[in-house]
Amino acid sequence: MNKTSNQRFSSKLAFLLSVLGIAIGTGNIWRFPRIVAQNGTTEGAGAFIFAWIIFLFMWSIPLIIGEYAIGRKFRLGLVGAFKNATEGKLTWMGAFMAFVATAITFFYSVIVGWCIYYFIYMIIEPLPLNTQSAMHIWDSYQNSVWPLVTHAIALIVGCLAIWKGVSSIEKINKFLIPSLLVIILGCLVRALTLEGATEGIAYLFTPNWSQLTSPRIWIEALTQNAWDTGAGWGMFLTYAAYMNKSQGIVKNAFFTGLGNNTISLLSAMIIFGTVFAILSNEGGMSRGEVLNIVKTSGPASTGLTFIWMPQLFAKMFGGPVLAVLFFMGLTFAGFSSLIAQLELPTRIVIDCGVTRPKALFIVGAISYVLGIPSAINLDILTNQDFVWGVALLVSGVFFAIVLIVYGLDTIRNEENQFANSDWSINVIWKYILKFFIPVAGLVLIVWFLADAAQVDQWYNPLESYSLMTCIVQWVLIITALFLLNKKINKKVV
């Protein structure tokens, strides 16, 4: 047996910080504020926040509990765990989940590369004073060789971070997560001292309860929470393979989910406080104009983070320092998730009998080569983000199915018997996994596919956003893995 199988996290704190690293990524700082603004009204976004928190307990935490249970039970990567949990029948589902998470890694490392570039740029160059200057920085970077270079740097650093397995993973996260928290709190304090910032904070938490009668607000809230935490993707399962028996899965699942959502809310407070203070209070913009800037995605959904935030920092006292801290935090958040995304396929390759260094080289090299199209073409990156982002919902449904096949009562009985200081798994968990998550996941998938069918060239698989681009890529991968199920079973432990 590979010695990786015997590795364990050294302490409860090391494990908690590491799994928080999975949940906390660029999406907390980059995506969440934009989605909040898009789903708010001129009165406020509190109704969306309310629905988003509900789904933390109805989707994310139940799935994370399941991931911890299966990962710790079988002490294998995603594919090996699925093979053992379903007696080899649904191993292909684990392989699909692994492919989806890895396909996201291909372009996520490109995005982490953007964060690295902007972090360094903010240190050595002056901040842009207007949109034209900010766009020039972005365009100059994208039209150069730098995206390929920073993509490589992100992957090299990510691979080095997990070179020694769990011991290096926990050391890196012991530095990244506390540092990220300090940076976020520092930026929050500065944002709150800006005149007019309280208007932005008030907007964030002021509810328009009539919104809750719209199905869309619930769908958007569930989608955001599913993507926010990373629940049901297989990364928590991968880290749980190194989890000690003394580390309770239920408490850790709650702490992980609540910690992630807290970071998202703090990040949104920074963004909304800063934007309202600078653009509304000092710039004289109306609330609608301010919100439109937060909502606007820009090239590859980068508008707010990479185009507007540097301009806003340029307009405040201490802005250059805050800009450096902001992009440092974004880089740290990116790396904490990237190393988990790299560990997932690496562990699967190790389960096939390959040494960790060789597995890392394979995963790193493939990730770089297959990430090149996204690094040099934003349309390709946008397409991959859409296709495999929605596929993560399929992963959530697949994981719920595997838990049901293995036995929800079996998991409850096994875990509750050895709960010790942990909380027991309530019977409600069983019904959420058995009924709510499969149905909710299918509703979300149909919703997104129906939306993609509304575009003019919905039938064109080469379109960045279309129904057929999803169907073609999903069907190819699912069909191949389903047909190869027996061969996959022979490869993994």
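**The second largest pocket**

Begin by selecting Ala98, Thr102, Pro345, Ile348 and Val349, which lie nearest the centre of the second largest pocket in this predicted model. The full lining comprises 18 residues, and the pocket has a volume of about 580 Å³. Colouring the lining by class shows 15 nonpolar, 2 polar and 1 charged residues.

Next, display the helices around this pocket. At least two lining residues come from each of α6 (91-124), α16 (319-351), α17 (356-376) and α22 (485-491). Which helix gives the most to the lining? That helix is α6, with 5 residues.

**The largest nonpolar core**

Keep α6 selected and turn to the largest nonpolar core, which has 182 residues. Within this core, the residues that touch the most other members are Tyr68, Phe272, Trp388 and Trp474. Here too α6 gives the most, with 24 residues.

Centre the view on Phe272. Setting aside residues up to four places away in sequence, Phe272 touches Pro33, Val36, Ala37, Gly200, Tyr203, Leu204, Leu291 and Val294.

**Helix α3**

Pro33, Val36 and Ala37, touched by Phe272, lead to the next selection, α3 (residues 31-38). How many of the 8 residues of this helix are buried? The number is 6, so α3 is largely enclosed by the rest of the structure. Select Phe32, Pro33, Arg34, Ile35, Val36 and Ala37 to see the buried residues of α3; Arg34 is one of them.

Now show what lies over them. The cover of these buried residues includes α2 (26-29), α4 (46-74), α10 (197-205), α11 (215-229), α13 and α14 (287-295).

**Ser280 in α13**

From that cover, follow α13, which spans residues 249-282 and contains Ser280. Is Ser280 buried or exposed? Its relative accessibility is 14%, below the 20% cut-off, and Ser280 therefore counts as buried. Beyond its neighbours within four places in sequence, Ser280 is in contact with Glu199, Val275, Met285 and Val290.

**The whole chain**

Finally, zoom out to the full chain, displayed as a cartoon. The chain has 22 helices and 0 strands. Its radius of gyration is 22 Å, close to the 23 Å given by the globule rule for 493 residues, so the chain is as compact as a globular protein of that length. Along the principal axes, the C-alpha atoms fill a box of roughly 65 × 50 × 50 Å.

Colouring by accessibility shows that 61% of the 493 residues count as buried. Of the contacts between residues at least 6 apart in sequence, 83% join residues at least 24 apart.

Technical notes: Residues are numbered from 1 along each chain as its sequence is written. This is a predicted model: local features need pLDDT of at least 70, side-chain atom pairs count only at pLDDT 80 or more; totals for chains, interfaces and linings use all residues. Side-chain values use heavy atoms; hydrogens and water are left out. On a 1 Å grid over the protein atoms alone, a cavity is a set of points where a 1.4 Å probe fits but cannot get out, and a pocket is an open set with protein on both sides within 12 Å along at least five of seven lines; lining residues have an atom within 4 Å of a point. Grid points are joined across faces, edges and corners, and a volume is the space filled by probe spheres set on the points. Helices (H or I, at least four residues) and strands (E, at least two) are DSSP runs, numbered from the N terminus. Ala, Val, Leu, Ile, Met, Phe, Trp, Tyr, Cys and Pro count as nonpolar, Asp, Glu, Lys and Arg as charged, and the others, Gly among them, as polar. A nonpolar core is a set of buried Ala, Val, Leu, Ile, Met, Phe, Trp, Tyr and Cys residues joined through side-chain atoms within 4.5 Å. Buried means under 20% relative accessible area, exposed over 50%, partly exposed in between (1.4 Å probe, protein chains only). Contact means heavy atoms within 4.5 Å. The radius of gyration is taken over C-alpha atoms; the globule rule is 2.2 Å times the number of residues to the power 0.38.
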